[in-house]
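Trainee: Could you show me how to read the way parts of a protein model sit against each other?

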Protein chains: 2
Amino acid sequence: MQKPYVLGLDMGGTNSVLGVVDARGHVLGRTSIKTQAYKDINDYVNALYEEAEKIIEPLGGMEMVRGIGAGVPNGNFYTGYIQEAMNLPWQTVPFAKLVSDRFGLPCRITNDANAAAMGEMTYGAAKGMKNFIMITLGTGVGSGIVIDGNVVYGHDGFAGELGHTTAVRGENARPCNCGKKGCLEAYASATGVARTAKEILTSTTKETLLRKLDVDNITSKDVYDAAEQGDEVAKEIFDFTGTILGQQLADFIAFSAPEAIVLFGGLTKSGDWIKRPIEEAMNQNVLPLWKNKVKVLFSDLKEADAAVLGASALAWSE
Amino acid sequence: MQKPYVLGLDMGGTNSVLGVVDARGHVLGRTSIKTQAYKDINDYVNALYEEAEKIIEPLGGMEMVRGIGAGVPNGNFYTGYIQEAMNLPWQTVPFAKLVSDRFGLPCRITNDANAAAMGEMTYGAAKGMKNFIMITLGTGVGSGIVIDGNVVYGHDGFAGELGHTTAVRGENARPCNCGKKGCLEAYASATGVARTAKEILTSTTKETLLRKLDVDNITSKDVYDAAEQGDEVAKEIFDFTGTILGQQLADFIAFSAPEAIVLFGGLTKSGDWIKRPIEEAMNQNVLPLWKNKVKVLFSDLKEADAAVLGASALAWSE
């Protein structure tokens, strides 16, 4: 009998969420442990195993599980190593092997954005697509590129860092956390939107509902709420952000000619306020042959499930 | 018996060069016809067949040929069609099928830059590599992207238009032939270098050997000759061109994490004058994990053979 379930692990710097998933993308059980509570990676893997047993037991036990997929910071698909992950207690460990040995199951790892792409292809907005680009708009900007039905890992396993392509050059380019300047991530992430809001509020005297808020803590949700009330500055923030993102998407299209770009993350909750400028800038900046031909889609996976689903999708290919 | 030869066709707007190639990349015979002399595509294909017979006859005849690969303007690998090729007498034709029917052999087509990538992977600087990016620096800037050993064609067959990614944004961005502004092609092509030379000569009073030349006809060879004599403006032209190209390469690396970038075309004859600024800008603009790790290679295929070899490489996979 084909084993009916896979386990998906979404490892973050704070929480590690583990779920049991079926082939249709239903999360049938979930649990979590605190990532930082285990200074020894073996203790972490043991704790993970004990939690896994609890959620899989009601579903028939570990023999019903086909494999484990994990989205982990700096996870290398090829080697199975977590490499130099600064926000984890164990910076470099052979994670896939440790998990596989403890669970007695195959384990595949990758980073969270590649896992998200797998999730969209397996259960979500990109189901049935062979060529698309996933962009995750969160605290940072991540990406997973799918070509001919496979996630692109490249020569070293680290392909798909589109958040660190250069969106803005020159003296005014914003510094990025990576040490470079002008990266897409410095504009299209949640922090990028907050920076844009702050820049406009502190460098102009434009009237806006956003002035009622603490200028250092404006979120894309705040900007959305203001835009919905007709606030021009809020619209300007979305136009600025969407234009920069759309321009970069045009360059990504020139690379791999995808059928669609799938966007995921908090910024997508702003709906057409952000989608319209993205599409406009994208279509203005592509070659004529792609004008109005490449879809921009928002992920329709439930946000609470998406990371676990994405990770779990890796395990079906075992 | 395994058939020992393939035919490679390099179709240009003026000449169409056809060669017989063996598995080691030796061009054993070559011939050519005038592309524009045949207003009917069937006449063109017939003429091609007659020429092919002449060069294959001494090698044992058409039964020694495994297949035909063709690098053609706007050639679509998936459909076998030439689509909307403005510089050909037949703008949209099912070229691969016409050739295959006339020759009684399988025929694969793609554009010239993808063919060049196949050539480098099969016989050239990228032999044995699974992940690299080919950039052709000619009248225009073309590209062929290889991931996991396969040329990337994308959803529609037209992936790999890196010459039309945006290198320069803003008001000063140069118009490109494609209708966009600031494309890499407007800077790193032969015409891009000529434009840069003209801009510097007409907007400054800097002393340079290049002032002896007709400002409208300066070539990268002229700039190279001046640089070799210590000319500072010539070096400035290479620094400017190489920096723009290197910056774009950094973004391409973030996409597919290639083992190497392979450069081909006239500009590569300028050797270290252009290679040094390319490498510097590239390594300044990549994420730390790729710094000084991605090779920049110049093609070592003979320029006269490269296009035919590249096209022929398509036919081995039949």
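We shall go through the two chains and then the domains of chain A.

Mentor: This is a predicted model, in which local features need pLDDT of at least 70 and side-chain atom pairs count only at pLDDT 80 or more, while totals for chains, interfaces and linings use all residues. Residues are numbered from 1 along each chain as its sequence is written, and chains are lettered from A and ligands numbered from 1 in the order in which they are written.

Trainee: By what turn can chain A be laid on chain B?

Mentor: Copies are superposed by least squares on the C-alpha atoms of residues with pLDDT of at least 70 in both. Here a turn of 180 degrees, with a shift of 0.0 Å along the axis, lays chain A on chain B with an RMSD of 0.1 Å. The two copies are thus related as by a two-fold rotation axis, and the same surface serves both, since 100% of the contact residues of chain A recur in chain B.

Trainee: How many residues does the contact take from each chain?

Mentor: Two residues are in contact if their C-beta atoms, placed from the backbone, lie within 7 Å. The contact takes 29 residues from chain A and 29 residues from chain B. Helices (H or I, at least four residues) and strands (E, at least two) are DSSP runs, numbered from the N terminus; H7(A) gives the largest share of chain A's side, five residues.

Trainee: Which domains does chain A have?

Mentor: Domain bounds come from an automatic or database domain assignment, which gives domain 1 (5-121 + 304-316) and domain 2 (129-299) in chain A. Their centres, taken over C-alpha atoms, are separated by 28 Å.
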